[in-house]
Amino acid sequence: EGVGPQEYTLIKMQALELPGPLAALKGKGTVFLLAATLRPETMYGQTNCWALPTGDYGAYESSTGEIYIVAARAARIMSYQDRFPETGKAEPILSVKGQDLLGVPLKAPNCPFDRIHVLPLLTISMEKGTGIVTSVPSDAPDDYAALMDLRNKPKLREKFGVLDEWVLPFEVQPIINIPGYGDKAAELMCQKLKISSQNDTKKLAEAKAEVYLKGFTHGTLIVGPHKGQPVQKVKTVIRDEMIKAAQAILYSE
Ligand code: A2H
């Protein structure tokens, strides 16, 4: 963890259905899960969203009239960044566990799939970002390892009530080419380091550091309207486009 504030882009992922306890939000406004990312330029490779099954989340009415689902800690911080009607006030209109979010179908900006689903990620920290993470398995080793866990372990899917159709149709999408690493750098590094699960913390840290650095310095986008451009050059351009289109908001902590 660095000193000083960390700035994240919060990606607005719209809930297309409100199953189970989320039904209480019907008619209250458009509901979004907000995923904190450092890589807004990678949204072309999203295959799913992550939540911590045991995590505590709340639904909050924003100053735009939309409903945002985030961890309570993030809501408190957002209330001081003028995201809610009253500064310093973050009262949830509904409290839910991450388990209640699993399976929710989402529409995410720049996503190659019309609908993706919320799946369990057991390494989420509720003390960082929003406690919601968007999954880009082509470029994030954590996402790749966790998606492979769910794909390859039917027992794990069963444990969390994850349906096959929320996982199996979603293939890793090539979106960024890094010379020497190909166009699914996270997959390559996970295979090279023989990372066997999302809990392989040490090797994942190594894979992450390498992919993150090389992706930023040498990566080129190979899909979307900025195809052919270096990651370094388009990262903030794409972030700003999403903010302007009301698909994302800035957040710092
Ligand atoms: B990144 P840092 Cl493609 N718990 O987004 C665990 N991980 C979290 C989190 C939390 N509460 N909140 C955010 N994250 C993830 C994309 C991505 C990310 C790519 C490649 C690398 C990467 C897609 N997932 O991060 O601790 C989010 O995943 C590698 C560092 O603030 C977020 O960006 O340094 C990143 O970790 C924030 O990590």
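**Ligand shell, nonpolar core and helix packing**

In the predicted model, at least two residues of the shell around the ligand come from each of strand E2 (31–37), strand E9 (132–135) and helix H6 (201–218). Strand E9 makes the largest contribution to this shell, with three residues. Of the 20 residues that surround the ligand, those coming nearest are Thr37, Gly129, Val136, Asp139 and Ala140. Divided by class, the shell comprises seven nonpolar, eight polar and five charged residues.

The overall architecture was examined next. The protein contains seven helices and twelve strands, and its C-alpha trace spans about 50 × 40 × 35 Å along the principal axes. The radius of gyration of the protein is 17 Å, in agreement with the value near 18 Å for a compact globule of 253 residues. Of these 253 residues, 45% count as buried. Among contacts with a separation of 6 or more, 70% are accounted for by residues 24 or more positions apart.

In soluble globular proteins, nonpolar side chains tend to be buried together. In the present model, the largest nonpolar core has 73 residues, of which Leu33, Leu34, Ala35 and Val70 touch the most other members. Strand E2 gives the most to this core, with six residues; E2 is also one of the elements that supply at least two residues of the shell around the ligand. The contacts of Val70, with neighbours within four places in sequence left aside, are Leu34, Tyr57, Gly58, Tyr60, Ala75, Thr130, Gly131 and Ile132.

Tyrosine 68 lies in strand E5 (residues 67–71). This tyrosine counts as buried because 27 C-beta neighbours lie inside 10 Å, the threshold for burial being 20 or more. When neighbours within four places in sequence are left aside, Tyr68 is in contact with Phe32, Leu34, Tyr60 and Ser62. Leu34 and Tyr60 are also among the contacts of Val70. Tyrosine 68 and glutamine 247 are 179 residues apart in sequence, and their C-alpha atoms are 12 Å apart in space.

Helix H3 (residues 141–152) consists of twelve residues, and the distance from its first C-alpha to its last is 16 Å, close to the 16 Å expected at 1.5 Å a residue. This helix is mostly covered, with nine of its twelve residues buried. The buried set is made up of Pro141, Asp142, Asp143, Tyr144, Ala145, Ala146, Leu147, Asp149 and Leu150. These buried residues pack against strand E3 (48–51), strand E8 (116–120) and strand E9, as well as helix H4 (154–159), helix H5 (185–192) and helix H6. Among these partners, E9 and H6 each supply at least two residues of the shell around the ligand.

Lysine 214 is located in helix H6. With 18 other C-beta atoms within 10 Å, Lys214 is partly exposed, since burial requires 20 or more and exposure 12 or fewer. Residues up to four places away in sequence not being counted, Lys214 touches Ile178, Tyr181, Ala185 and Gly219. Lysine 214 and lysine 107 are separated by 107 residues in sequence and by 29 Å in space, C-alpha to C-alpha.

Notes: Residues are numbered from 1 along each chain as its sequence is written. This is a predicted model: local features need pLDDT of at least 70, side-chain atom pairs count only at pLDDT 80 or more; totals for chains, interfaces and linings use all residues. A residue is near a molecule or strand if its C-beta atom, placed from the backbone, lies within 6 Å of it. Helices (H or I, at least four residues) and strands (E, at least two) are DSSP runs, numbered from the N terminus. Ala, Val, Leu, Ile, Met, Phe, Trp, Tyr, Cys and Pro count as nonpolar, Asp, Glu, Lys and Arg as charged, and the others, Gly among them, as polar. A nonpolar core is a set of buried Ala, Val, Leu, Ile, Met, Phe, Trp, Tyr and Cys residues joined through C-beta atoms within 7 Å. Two residues are in contact if their C-beta atoms, placed from the backbone, lie within 7 Å. The expected span of a helix is 1.5 Å times one less than its number of residues. The radius of gyration is taken over C-alpha atoms; the globule rule is 2.2 Å times the number of residues to the power 0.38.
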